[in-house]
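Visitor: I have just opened this one and could use a short tour. Where do we begin?

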Amino acid sequence: MSLVVQKYGGSSVADAEGIKRVAKRIVDAKKNGHQVVVVVSAMGDTTDELIDLAEQVSPMPAGREFDMLLTAGERISMALLAMAIRNLGHEAQSFTGSQAGVITDSVHNKARIIDVTPGRIRTALDEGNIAIVAGFQGVSADSKDITTLGRGGSDTTAVALAAALDAEVCEIYTDVDGVFTADPRVVKKAKKIDWISSEDMLELAASGSKVLLHRCVEYARRYNIPIHVRSSFSGLRGTWVSNENPQGDEPVEHAIISGVAHDVSEAKITVVGVPDKPGEAAAIFRAIADAEINIDMIVQNVSAASTGLTDISFTLPKAEGHKAIEALEKAKGTIGFESLRYDDQIGKISLVGAGMKTNPGVTASFFQALSDAGVNIELISTSEIRISVVTRQDDVNEAVRAVHTAFGLDSDSGDEAVVYGGTGR
């Protein structure tokens, strides 16, 4: 009997009908002879509503109590799903992240999983039950406080449990039919990908593709867990994400381009007038690191010969923007920069593909497509399998469509990609 971990996003369990539909799919898997562990997100926009409520009470909610509040959403959906499964004649037990053995560090609001001890889950499975786990949450190894993993953390919960339980596959159910060559909400002619390597998916996820969280893909790649991204609204075959193609029909070489991703959740900070001498950049990014903020792209201008000063720009999540400004202002006396500029009206467009590094002309075609679309570039970052640029937020959708078309990624069938729930998750 194989063990399958299934994860259902908020759009899949947004209402009572959605919960009953998901319950039937879970029971069908059980009837097909599988042991089933289910990870569930909060219903619909519950998490956003809880965040809004917290902000009405406290201007900057954070820490222990904020985590305690946010985990309520997943507890509601897991209990309702267990009830729906029992109504179909099967036994189900629901578990919080803590009860499921998801052990994290002590960083509230964006904790990282350090261990999974799923003893109670195994017991439930051995007793013939379906186990339902609240995603997005765990318990701190040190303080024993409830923690959350950050937005999209249910994906990571599912993969971590799949690894700990030695599952055959981790199925991620969402409101799209799989991973597409671009966000189907922006590019209606985006094509569904049947299989994508973990490496390419990691770059797409890190560049803004919302269908999978990058930490989830990173975890799956490390522990060699195949992910099957599918829609809970249809019975279509989805997209396999793995280190090796499970169908065994991988071509001799990857396609040049896997897809185009975009992200409008970042902001840009420019540190103006930084003394151009050893240690200054280190001091800037030490202040950011001490504030527990992750940064993305970094660009340093050439030093002005007359002043010996330079500017350093970097991007980071908008949600961390004001915290980063405060951290840098505190360190201004030590670093000695002149001023800070903050811009949250930017967007990032990324072209991803393992074949890029061996195919000349990809970079030129990328920038030509942006030029033809009248899109101005502010920052550029590259890796062996990715080119990313920062531009104005208002230009992002047009830029994505232009690049998608320029690289021949548009669907030839004429069929438009479907986003059943409207969120892409």
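**A patch, two cores and the whole chain**

Guide: We can begin on the surface, where Ile-76, Leu-80 and Met-83 make up a nonpolar patch with about 260 Å² of accessible area together. Patches are made of residues with over 30% relative accessible area and no salt bridge, with like charges joined within 9 Å and nonpolar side chains (Val, Leu, Ile, Met, Phe, Trp, Tyr) within 5 Å. A salt bridge is a side-chain nitrogen of Lys or Arg within 4 Å of a carboxyl oxygen of Asp or Glu. Accessible areas come from the Shrake-Rupley method with a 1.4 Å probe, and for residues only the protein chains shown count as cover.

Visitor: What kind of model is this?

Guide: This is a predicted model: local features need pLDDT of at least 70, side-chain atom pairs count only at pLDDT 80 or more, and totals for chains, interfaces and linings use all residues. Residues are numbered from 1 along each chain as its sequence is written, and side-chain values use heavy atoms, leaving out hydrogens and water.

Visitor: Where does Ile-76 lie?

Guide: Ile-76 is in helix α4, residues 72-87. Helices (H or I, at least four residues) and strands (E, at least two) are DSSP runs, numbered from the N terminus.

Visitor: Why does Ile-76 count as partly exposed?

Guide: Because its relative accessibility is 46%. Buried means under 20% relative accessible area, exposed over 50%, and partly exposed in between (1.4 Å probe, protein chains only).

Visitor: Going inside, which residues touch the most other members of the largest nonpolar core?

Guide: Val-37, Met-201 and Leu-212 do, in a core of 70 residues. Helix α6 (residues 153-164) gives the most to this core, with five residues. A nonpolar core is a set of buried Ala, Val, Leu, Ile, Met, Phe, Trp, Tyr and Cys residues joined through side-chain atoms within 4.5 Å. A second, separate core has 22 residues, including Val-36 and Leu-81.

Visitor: Is Leu-212 buried or exposed?

Guide: Leu-212 is buried, at a relative accessible area of 1%. Leu-212 lies in the loop between α7 (198-206) and α8 (214-223).

Visitor: And what is Met-201 in contact with?

Guide: Leaving aside neighbours within four places in sequence, the contacts of Met-201 include Val-179, Ser-209 and Leu-212. Contact means heavy atoms within 4.5 Å.

Visitor: Now the whole chain. How many helices and strands?

Guide: The protein chain has 13 helices and 20 strands. Of its 425 residues, 53% count as buried. The C-alpha trace spans about 80 × 55 × 35 Å along its principal axes.
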